[in-house]
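Open the model in your viewer and keep the selection box handy. The stops below go one at a time.

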Amino acid sequence: MLLRDEQVPLLLKRKHVVSGYRPLNQPPSFYFRSAFSSHNEVFNVWTHFIPAIILLFAYLIPEILAPLPRVPVLILQVGIFLLLIASSLAHLMHSRSELDHVFWFLIDFSGIALFGITIGLQRYSSSDDMSLIMKIIYVPLLLVVVLGGQYFSTCYLFVYKPHYKRRMELRMGSCFLLACWLYIPLHYRYQSEGSGGDAALPLHSRAFQWLVFSGIFMGAHIPERFAPGVFDIVGYGHQLFHLCIDMVAWNLLDAAHIDCSSDEGHVHLPRNIVAVIALFASIGLIGFNVYRMMQKAITRKYDE
């Protein structure tokens, strides 16, 4: 039997979503099976799991099996795949308890962080037009913006101040700052005289447009804020946010395919080595952050 919002802890409630919550404290197998039943997270599970499977077989595996796999393209594909899988699992498993909710959404935030990092690394590795100074500082500042400005702050507020009223606004602001930084490697191409013939730029532009739409749906809780209870199972803002992120990912994948030739994707190029090192360093920092945040979460009582 599904629950109403007054029957679940405050931490597990969604704004303007009144019903469709799964029972708490069930065996993990219950939540895995719930992927095939109706509730207010099932659409979120499948809107990222199905694209993850498509990405795996249509993009990632063919790139790995290519005669000359392109490192920047693989980095982006891995980042998007991790984003989608982390999101799908988080929405599937988080409803078991408050502690499960915290853990799985830390995993979700980690996927988002790796998504942002891999976008920046792919664009950095595929860019021939950046100035020398920008080539030197771009990756370190990318990690500062993503991990410091967006990821660590989001995780801190989620674990330490989950009911802070401005938490969503701060998260949206940090995401916007990150989105702007991710377009720095493309700035020179947009300003060049030959930009009209650059087949990848329209894809990058559409990715940004879909990202803006995704932020509107998630941040403003549209349309459920205008009709609480009507869109509980299908149609509330976070579900539409997922669809917009799918479109962001699709455009980024196709743009990366155009941007990166086989020669530019060779693993021994210095900029690709930098990208790989930055990716693995980020994964290590993110894993350590999840561990430390969960240590704190275990000691908290979130409904007080």
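Start by selecting helix 5 and helix 6, where helix 5 passes helix 6 in a left-handed crossing. Bear in mind throughout that this is a predicted model.

**Stop 1: helix 5 against helix 6**

Stay on this pair. Helix 6 covers residues 167-182, and its axis comes within 10 Å of the axis of helix 5. The two cross at roughly 165 degrees. Angles over 145 degrees count as roughly antiparallel, so helix 5 is roughly antiparallel to helix 6.

Now show side chains. On helix 5, pick Met134, Tyr138, Leu141, Leu142, Val145, Val146, Gly149, Gln150, Thr154, Leu157 and Phe158. They meet Arg167, Leu170, Arg171, Ser174, Cys175, Leu177, Leu178, Trp181 and Leu182 of helix 6. Colour this contact by class: 14 residues are nonpolar, 4 are polar and 2 are charged.

**Stop 2: along helix 5**

Hide helix 6. Select residues 132-160, the 29 residues of helix 5. At 1.5 Å a residue they should span 42 Å, and the end C-alpha atoms are 40 Å apart, which agrees. Where does helix 5 kink? Centre on Tyr138: the kink there is about 40 degrees. The proline Pro140 follows shortly after. Tyr138 is also one of the helix 5 residues that meet helix 6.

**Stop 3: helix 4 and helix 9**

Next, select residues 98-125 for helix 4 and residues 237-259 for helix 9. Their axes lie 11 Å apart, and the packing angle is about 25 degrees. Helix 4 and helix 9 are therefore roughly parallel to each other. The crossing is left-handed.

Which residues make the contact? On helix 4, select Phe115, Ile119, Gln122 and Arg123. On helix 9, select Val248, Leu252, Ala256 and Asp259. By class, the contact has 5 nonpolar, 1 polar and 2 charged residues.

**Stop 4: helix 3 and helix 10**

Move to residues 71-93, helix 3, and residues 270-298, helix 10. The axes come within 10 Å and cross at roughly 20 degrees. That makes helix 3 roughly parallel to helix 10. Helix 3 passes helix 10 in a left-handed crossing.

Show Val71, Pro72 and Ile75 on helix 3. Opposite them on helix 10, show Asn272, Ala275, Val276 and Leu279. Is this contact rich or poor in charge? The class count gives 6 nonpolar residues, 1 polar and no charged ones.

**Stop 5: two backbone details**

Select Ile222 and Pro223. The peptide bond from Ile222 to Pro223 is cis, with omega near 10 degrees. Pro223 sits in the loop between helix 8 (201-220) and helix 9.

Then go to His16. Its phi is positive, about 70 degrees, although His16 is not a glycine. His16 lies in the loop that runs between strand 1 (3-4) and strand 2 (19-21).

**Stop 6: Leu24**

Finish on Leu24, in the loop between strand 2 and helix 1 (28-33). What does Leu24 contact, leaving aside its neighbours within four places in sequence? Select Leu3, Val8, Pro9, Leu12, Tyr31, Ser95 and Arg96.

Last, draw a C-alpha to C-alpha distance from Leu24 to Ser125. The two are 45 Å apart in space and 101 residues apart in sequence.

Conventions:
Residues numbered from 1 in each chain as written. Predicted model: local features only at pLDDT ≥ 70, side-chain atom pairs only at ≥ 80, totals over all residues. Heavy atoms only, no water. Axes fitted to C-alpha atoms, helices over the stretch in contact; angles between N-to-C directions. Helix = DSSP H or I, 4+ residues; strand = E, 2+ residues; numbered from the N terminus. Parallel < 35°, antiparallel > 145°, perpendicular 65-115°, else oblique. Left-handed = near helix turned anticlockwise from the far one by under 90°. Contact = heavy atoms within 4.5 Å. Nonpolar A, V, L, I, M, F, W, Y, C, P; charged D, E, K, R; others polar. Expected span 1.5 Å × (residues − 1). Bend = angle between axes of the 7 residues up to and from the residue.
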